[in-house]
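Please take a moment to look over the sequence and the three-dimensional model before reading on. The paragraphs below lead from one pair of charged side chains to the core, and then to the pocket.

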Amino acid sequence: MSKFLALRYNRPLASVAVTLHHSACMLFQNSVEPAYVLTVVAIPPLIQPTMNRRTTILAQQLMESVLGVPGSRGLVRFVAAAEDAYGIAGNTYAGKVDELLDEVSQLRETQMTKKVSIYRHLKDF
């Protein structure tokens, strides 16, 4: 499931977490036959109706082939979480985006300084 979700959402495998509660007692559709609830939590731009429909089909096919539990016995939930609502390695997703934007800004400033320096050097010739 981790690999499937990483590929589906075009994210590194390290950014995907999967929890399995094996042998949990679950009453689903008035039956205790094997069933599952799959919750996909992602930033809002990734939780879109068309993407959700296709992901549901593919995830339920995977669950049936791996666990033998048909899609009719599974519930797939999609939860949009704000960028500042979860984090890893001491930073939220929003914080990491801010850091990357700062790095890009600093890189651009460095490139501009180099261009001005080269222009001044060429001007002296």
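**From a salt bridge to the pocket**

In this model, which is predicted rather than determined by experiment, E99 forms a salt bridge with K96, and the closest nitrogen and oxygen atoms of the two are 3.9 Å apart. That separation qualifies because a salt bridge calls for a side-chain nitrogen of Lys or Arg within 4 Å of a carboxyl oxygen of Asp or Glu. By this rule the count comes to one salt bridge. Where do E99 and K96 sit relative to each other in helix 3? They are three residues apart in that helix, so about one helical turn separates them. As for their surroundings, E99 has a relative accessibility of 37% and therefore counts as partly exposed, and K96, with a relative accessible area of 42%, is partly exposed as well.

From here we can turn to the nonpolar side chains. The largest nonpolar core has 16 residues, and those with the most contacts inside it are L5, Y9, Y36, L38, V40 and L46. Helix 1 (2–8), strand 1 (36–42) and helix 2 (49–67) are the elements that give two or more residues to this core, and the largest share, four residues, comes from strand 1. To follow one of these residues more closely, consider L5, which touches V16 and V40 when residues up to four places away in sequence are not counted.

The residue L5 also leads to the largest pocket, since L5 is listed with A17, V18, T19 and T39 as lying nearest the centre of that pocket, among the 43 residues that line it. The volume of this pocket is about 1500 Å³. Which elements each supply at least two residues of its lining? They are helix 1, strand 1, helix 2, strand 3 (87–88), strand 4 (91–92) and helix 3 (93–123), and the largest share of the lining, seven residues, comes from strand 1. Sorted by class, the lining of the largest pocket has 31 nonpolar, nine polar and three charged residues.

A last stop is L67, a residue that lies in helix 2. Is L67 buried, exposed or partly exposed? Its relative accessibility is 45%, so L67 counts as partly exposed. Although L67 and A35 are 32 residues apart along the chain, their C-alpha atoms are separated by 9.6 Å.

Conventions
Residues numbered from 1 in each chain as written. Predicted model: local features only at pLDDT ≥ 70, side-chain atom pairs only at ≥ 80, totals over all residues. Heavy atoms only, no water. Core = buried A, V, L, I, M, F, W, Y, C linked by side-chain atoms within 4.5 Å. Buried < 20%, exposed > 50% of the residue type's maximum accessible area, 1.4 Å probe, protein only. Contact = heavy atoms within 4.5 Å. 1 Å grid on protein atoms, 1.4 Å probe; cavity = no way out; pocket = protein on both sides within 12 Å on 5 of 7 lines; lining within 4 Å. Points joined across faces, edges and corners; volume = space filled by probe spheres on them. Nonpolar A, V, L, I, M, F, W, Y, C, P; charged D, E, K, R; others polar.
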